[in-house]
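Subject: Structure handover

Hello,

Here is the structure you are taking over. My notes on it follow below.

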Amino acid sequence: MLHHFTGGGLAEYAVAKENLTVARPPEVSAAEGAGLPVAGLTAHQALSQAAGVKLDGSGQQVNLLITAASGGVGHYAVQLAKLGNTHVTATCGARNLDFVKSLGADEVLDYKTPDGAALKSPSGRKYDAVIHCAAGIPWSTFEPNLSSNGKVIDITPGPSAFLTFAMKKLTFSKKKLEPLFVSLKKENLNYLVNLVKDGKLKTVIDSKYPLSKAEEAWAKSIDGHATGKIIVEP
């Protein structure tokens with residue numbers, strides 16, 4: 001994983017700080033490993049720190065909603081969440097419903113249906129936390145679906161997210177929106193790599209592109225419909 005400000009991973013060679021790297025065991029392919037750092041660490045931090053899910057399965061059950069669950073962060077978030085004591089409702093497109101179920105989600109919603117657009121749990125649950133990996137969903141859609149102390153953890157916060165965050169702080173609301181900025185922790189990355197090694201977590205690869213076609217890979221990523229991770233190889 002490269003530094004936020006001095007990155008530049010689309011290259012034949014890149015320099016990374018030793019304290020941000022972990023050894024890749026032979027059981028984990030280069031492509032599987034490449035998908036982990038940014039997306040995997042974001043999912044891990046959203047769940048274990050922001051949402052308070054204990055990934056060892058202890059603690060009280062947490063009702064979660066994961067939006068855009070078939071994408072890069074979302075597909076890791078579903079798998080990691082199910083290591084804990086959670087009930088996971090997930091949203092995705094119609095073509096990925098079975099895929100997200102196969103990752104372990106308890107309920108899956110097509111985001112284009114009325115119930116999916118309204119984020120309503122099929123079993124009527126209120127969400128203790130939302131791992132929000134999509135975009136363009138207003139707070140007014142989330143709020144009625146949250147438990148009394150529920151929170152929305154926005155992994156790609158924009159101006160409206162910061163405004164909502166500030167308003168909830170000022171009004172002492174029990175329902176909150178929290179912008180997430182991933183922190184780089186070697187021990188967390190090592191934890192994820194070992195999960196892949198042990199078969200408890202998988203990197204689903206949507207497609208692979210050579211470095212010479214990185215622009216095409218980037219365009220596909222921007223389109224927002226990849227299933228899992230897009231990998232650029234030298």
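**Helix 9 and the far end of a distance**

Ile 222 is exposed, with a relative accessible area of 62%. Please keep in mind that this is a predicted model. Ile 222 belongs to helix 9, which covers residues 214–223. Between the C-alpha atoms of Ile 222 and Asn 63 there are 30 Å, and along the chain the two residues are 159 residues apart. Asn 63 comes up again below, as part of a strand pair.

**The sheet**

The sheet is open and has six strands, in the order 3-2-1-4-5-6, with parallel pairing. Its edges are strand 3 (107–110) and strand 6 (176–179); each has a single partner strand, so one side of each has no neighbour in the sheet. From one strand to the next, the twist averages 20°.

Two of the strand pairs can be given in detail. Strand 4 (residues 127–132) pairs with strand 5 (residues 146–154) in the parallel sense, over five bridges. In this pair, Tyr 127 stands opposite Leu 146 of strand 5. Strand 1 and strand 2 also pair in the parallel sense, over five bridges. There, Asn 63 has His 87 of strand 2 as its bridge partner.

How many of the residues of strand 2 are buried? Seven of its seven residues are, and the strand is mostly covered. Thr 86, Val 88, Ala 90 and Cys 92 point one way from the strand, while His 87, Thr 89 and Thr 91 point the other way; all are buried.

**Helices on the sheet, and a helix pair**

Which strands does helix 2 touch where it packs on the sheet? They are strand 1 (62–66), strand 4, strand 5 and strand 6, and the direction of helix 2 makes about 150° with that of strand 5. Helix 3 (residues 72–81) packs on the sheet as well, touching strand 1, strand 2 (86–92) and strand 4. The direction of helix 3 makes about 165° with that of strand 1.

Helix 2 (residues 37–50) also packs with helix 8 (residues 186–197), at an angle of about 105° and with the axes 10 Å apart. Helix 2 is therefore roughly perpendicular to helix 8, since angles of 65 to 115 degrees are put in that class. On the helix 2 side the contact is made by Pro 37, Gly 40, Leu 41, His 44 and Gln 49, and on the helix 8 side by Asn 188, Leu 189, Tyr 191 and Leu 192. Sorted by class, this contact has five nonpolar and four polar residues, and no charged ones.

**Cysteines**

The structure has zero disulfides. Why is Cys 92 not bonded to Cys 133? The sulfur of Cys 133 is the closest cysteine sulfur to that of Cys 92, but at 12 Å it is too far for a bond; the cut-off for a disulfide is 2.5 Å between the sulfur atoms. Taken from the other side, Cys 133 is in no disulfide either, and the nearest cysteine sulfur to it is that of Cys 92, 12 Å away. Cys 92 is buried, at a relative accessible area of 3%. Cys 133 counts as buried too, at 16% relative accessibility, because the limit for buried is under 20%.

**Positive phi, and a neighbour in helix 6**

Most residues other than glycine have a negative phi. Two residues are listed here for the opposite sign.

- Ala 68 is not a glycine, yet has a positive phi of about 50°. Ala 68 sits in the loop between strand 1 and helix 3 and is partly exposed, with a relative accessible area of 28%.
- Leu 119, also not a glycine, has a positive phi of about 65°. Leu 119 sits in the loop between helix 5 (114–118) and strand 4. Is Leu 119 buried or exposed? Leu 119 is buried, with a relative accessible area of 3%.

Leu 119 is also one of the residues touched by Thr 141; leaving out residues up to four places away in sequence, Thr 141 touches Ala 117, Ala 118 and Leu 119. Thr 141 is part of helix 6 (residues 139–142). With a relative accessible area of 19%, Thr 141 is buried, as the limit is under 20%.

Regards

Notes: Residues are numbered from 1 along each chain as its sequence is written. This is a predicted model: local features need pLDDT of at least 70, side-chain atom pairs count only at pLDDT 80 or more; totals for chains, interfaces and linings use all residues. Side-chain values use heavy atoms; hydrogens and water are left out. Axes are lines fitted to C-alpha atoms, for helices over the stretch in contact, and angles run from 0 to 180 degrees between N-to-C directions. Helices (H or I, at least four residues) and strands (E, at least two) are DSSP runs, numbered from the N terminus. Angles under 35 degrees count as roughly parallel, over 145 as roughly antiparallel, 65 to 115 as roughly perpendicular and the rest as oblique. Contact means heavy atoms within 4.5 Å. Ala, Val, Leu, Ile, Met, Phe, Trp, Tyr, Cys and Pro count as nonpolar, Asp, Glu, Lys and Arg as charged, and the others, Gly among them, as polar. Buried means under 20% relative accessible area, exposed over 50%, partly exposed in between (1.4 Å probe, protein chains only). Two strands pair if DSSP finds at least two bridges between them.
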